[in-house]
Amino acid sequence: MAKSFPEEVLEHVFSFITSDSDRNAVSLVCKSWYEIERWCRKRVFVGNCYAVSPRILTRRFPEVRSVEIKGKPHFADFNLVPEGWGGCVYPWISAMAGAYPWLEEIRLKRMVVSDEALELISTSFCNFKVLVLSSCEGFSTDGLASIAANCRKLRELDLRESEVDDLSGHWLSHFPDTWTSLVSLNIACLGSEVSFSALERLVARSPNLRTLRLNRAVSLEKLHNLLCRAPQLVEFGTGAYSSELRPDVFSNLAGAFSGCKQLKGLSGFWDLVPAYLPAIYLTCSGLTSLNLSYATIQSPDLVKLVSQCRNLQRLWVLDYIEDIGLDALAASCKDLQELRVFPSDPYVVDPNVSLTERGLVAVSEGCPKLQSVLYFCRQMSNAALVAIARNRPNLVCFRLCIIEPRAPDYLTLEPLDAGFGAIVEHCKELRRLSLSGLLTDRVFEYIGTRGRKLEMLSIAFAGDSDLGLHHVLSGCESLRKLEIRDCPFGDKALLANAAKLETMRSLWMSSCSVSFGACKLLGQKLPRLNVEVIDERGSPYSRPESCLVEKLYIYRTVAGPRIDMPPFVWTIDEDAALR
Amino acid sequence: MELQLGLALPSVPFSKGFDLNSCGYEAKEVLGGFDSILDCNVEKSSEEKKRSFDEAFDVQSVQVPETLPLLVWNQQTEHNYPENSSSSITRSDEEEEEDGIIGWPPIKYRRKKLCHGSPISDANCWTVGNGESGGGGDGGHSRGPNPTYVKVKMEGVTIARKVDLSLHHSYQTLTHTLVGMFGRCQEDVKAYKLTYQDNDGDWLLAGDVPWGTFVRSVQRLKVLNNGD
């Protein structure tokens, strides 16, 4: 039947299929569909840079225009992955430089990007338009200068939360005066001051600019200069939002903000001085996204602010908002979809603010569209979790961090098994879950049996025995990423569910009870997995096999064991005698 | 279908055949004394094995096996989790002096640096057990996975501190942290300059060489007032 359609027709049909999973399904129908599909796939997502090699990618998909690649495991964000582990992007850029001269977009997350890689990007792709570096590291502002100087068609430069070796702000001046295609610029993570006049001229000559996120070094007094030149902005991130209160500065700023009629998202607000907050009041009714997670203002100011943001869909805020502020949020922001509450003082036991489980319960009651939660707090109860679950069965992402490890239900002193059990029971669309507090093996039984759509699970300081891990690995049909730290999970559960690991993207286990012997067995028996042991005490081969490994990272791959491992990473091959 | 990027694998019935605990003799040899504790009988059928698997999983029998001859390596003693207890992680005495739990609470590095707590809680890490703010008097004392401590003095301050260079990637972040560590307002970073003694013993102004070179050669740091 496939032969009755000319290839061009099929190709045209496939051009409407954009989701990766649909494309993958199309390619499995038959050989000819596989061939047609691979020649017309324009966008590729590589969830784990070691799951496949650059050569396999370029060989299979010759006409790619947009690539997204992820490197280090998520726990790298919290310093659990030692420096030098890997995730270097250069081999990818090098392969794509040859294979994809028409490449337009590169999006990287948690990868090591060198200045050489950036320079290679800037000189290899004449149509290059989009560079997004999310939580990346390894490059300096020199690399950014190459991008600025050479990418004539660049539209988007987004540095997200990357760690940049910030030598100076001079790189921005490398953008040629003839370059006018800028749509999105995010330099919020940079420390150095960029030349303000260069920035001003850049904004002035970019009529398509929609997103501008400044860094802290841009002072408040200068914001109106930029805003007046870009009234079409949709997303804006301020620099340090503090200054002595001066009426002329205030009115300039307020006037500039009110001129931006399309503004939907605001961020930045470092060092926020409450006196200047009213300058944004006129924009509030149009805002759908507000990131105040660097703003150290207290709940009364926050209440006044959020009460005006009737159309807010996403709020990121510090726990200064307190329960009282969350009550106001629940009352005013009926369209709220995502809430993230970060801790202002995470390293003390005693609470410094009055933020408890009550605030989250209030939001779950008042905001019918709430689907994504990240919440740091110091106390939680099963009753609250059950209430949240019942109120919001439409939750898709629920990440709760009770700051003290193994904290029980503060009312009953029981484990929080029942509470989290209610979450997975009621929230049938839940895709991402992070656990905390005192938890026994029981909660994993609930998760294993009821978390049918769960794709990512993060576990810390939880469980009693291998049974906990066994519940998860033998259930959770949709599980793709599992990350575990400081849990008494060991060999037995892992080995009994070894096949499960091939259905997942990756498993991370650190400070658990997995022996080197079990790792060897897994590596030997499952050649399509890379079993990496990360151990900074020296070679695990020099110790008895029953010794526990420090960290373990297992992922499926078609590329075989990687060849760029640092000295503290060991991979297990079929022939475990070799390294 | 050959495995390509789609990575669509046939589903495997988990109860059969893939329990590597039953890998015959090899498993026994490899895992040492494991089965003596877990009373798994590898000759049983998969059905029975499943039952005995469940039976084996009562809490007592699945602790970190006592047969593990690991006592030479102290770190492992931390993994002896007491059953059903809500007590904090036991830490060996020498570690109490040092820092707390790495990577907890799970906050990205960037946010950690900007945490606005009291000066005492500048600790940047979670310490367990004493109920006080972490770190005691030694502010800014967080630890990366490959800690590289150097001593740092500030002009006019008698007591020196230590800083872990492995947590930093640029002179900017280092200077900010150092200024904060000595209790100065971090907005005044421009009022200070950072100098270091390299492995030749010379005192140099920080910032001239690439960060990596700097980290490899720095022996100690000194923060001076930017007088001129």
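**A guided tour of the predicted model**

Begin with helix 10 of chain A, residues 247–259: this run of 13 residues reaches 18 Å from its first C-alpha to its last, close to the 18 Å expected at 1.5 Å a residue. The model is a predicted one.

Keep helix 10 of chain A selected and display the side chains of A:Val249, A:Leu253, A:Ala254, A:Ala256 and A:Phe257, which are buried. Turn the view to look down the helix axis: the buried residues of helix 10 of chain A fall within an arc of 165°, so they line one face of the helix. Next, add what covers these buried residues, including helix 9 (223–229), strand 10 (235–237) and strand 11 (265–267) of chain A.

From strand 11, move along chain A into the loop that leads to strand 12 (289–292), where A:Asp271 is found. Phi of A:Asp271 is near 55°, a positive value in a residue other than glycine. Is A:Asp271 buried or exposed? With a relative accessibility of 19%, A:Asp271 counts as buried, because the cut-off for that class is under 20%.

Now select A:Ser511, in the loop between strand 20 (506–510) and helix 19 (516–525) of chain A. A:Ser511 is not a glycine either, yet its phi is positive, at about 50°. Its relative accessibility of 23% places A:Ser511 among the partly exposed residues. Most residues other than glycine have a negative phi, and most peptide bonds are trans.

For a peptide bond that is cis, go to chain B and select B:Trp104 and B:Pro105, which are joined by such a bond with omega of about -10°. B:Pro105 lies in the loop between helix 4 (93–97) and helix 5 (109–113) of chain B.

Then show the whole of chain B as a cartoon. Its secondary structure comes to seven helices and five strands, which follow the pattern α-α-α-α-α-β-β-α-β-β-α-β along the sequence. Of the 228 residues in chain B, 39% are buried. Among contacts in chain B between residues at least 6 apart in sequence, 44% join residues at least 24 apart.

Finish with the internal spaces. The structure holds nine cavities of 30 Å³ or more, and the largest has a volume of about 420 Å³. Which residues lie nearest the centre of the largest cavity? Select A:Ala76, A:Asn79, A:Glu137, A:Glu163 and B:His169 to find them; the lining comprises 23 residues. By type, the lining of the largest cavity divides into eight nonpolar, six polar and nine charged residues.

Terms used. Residues are numbered from 1 along each chain as its sequence is written. Chains are lettered from A and ligands numbered from 1 in the order in which they are written. This is a predicted model: local features need pLDDT of at least 70, side-chain atom pairs count only at pLDDT 80 or more; totals for chains, interfaces and linings use all residues. Side-chain values use heavy atoms; hydrogens and water are left out. On a 1 Å grid over the protein atoms alone, a cavity is a set of points where a 1.4 Å probe fits but cannot get out, and a pocket is an open set with protein on both sides within 12 Å along at least five of seven lines; lining residues have an atom within 4 Å of a point. Grid points are joined across faces, edges and corners, and a volume is the space filled by probe spheres set on the points. Ala, Val, Leu, Ile, Met, Phe, Trp, Tyr, Cys and Pro count as nonpolar, Asp, Glu, Lys and Arg as charged, and the others, Gly among them, as polar. Helices (H or I, at least four residues) and strands (E, at least two) are DSSP runs, numbered from the N terminus. The expected span of a helix is 1.5 Å times one less than its number of residues. Buried means under 20% relative accessible area, exposed over 50%, partly exposed in between (1.4 Å probe, protein chains only). The arc is that of the directions from the helix axis to the C-beta atoms. Contact means heavy atoms within 4.5 Å.
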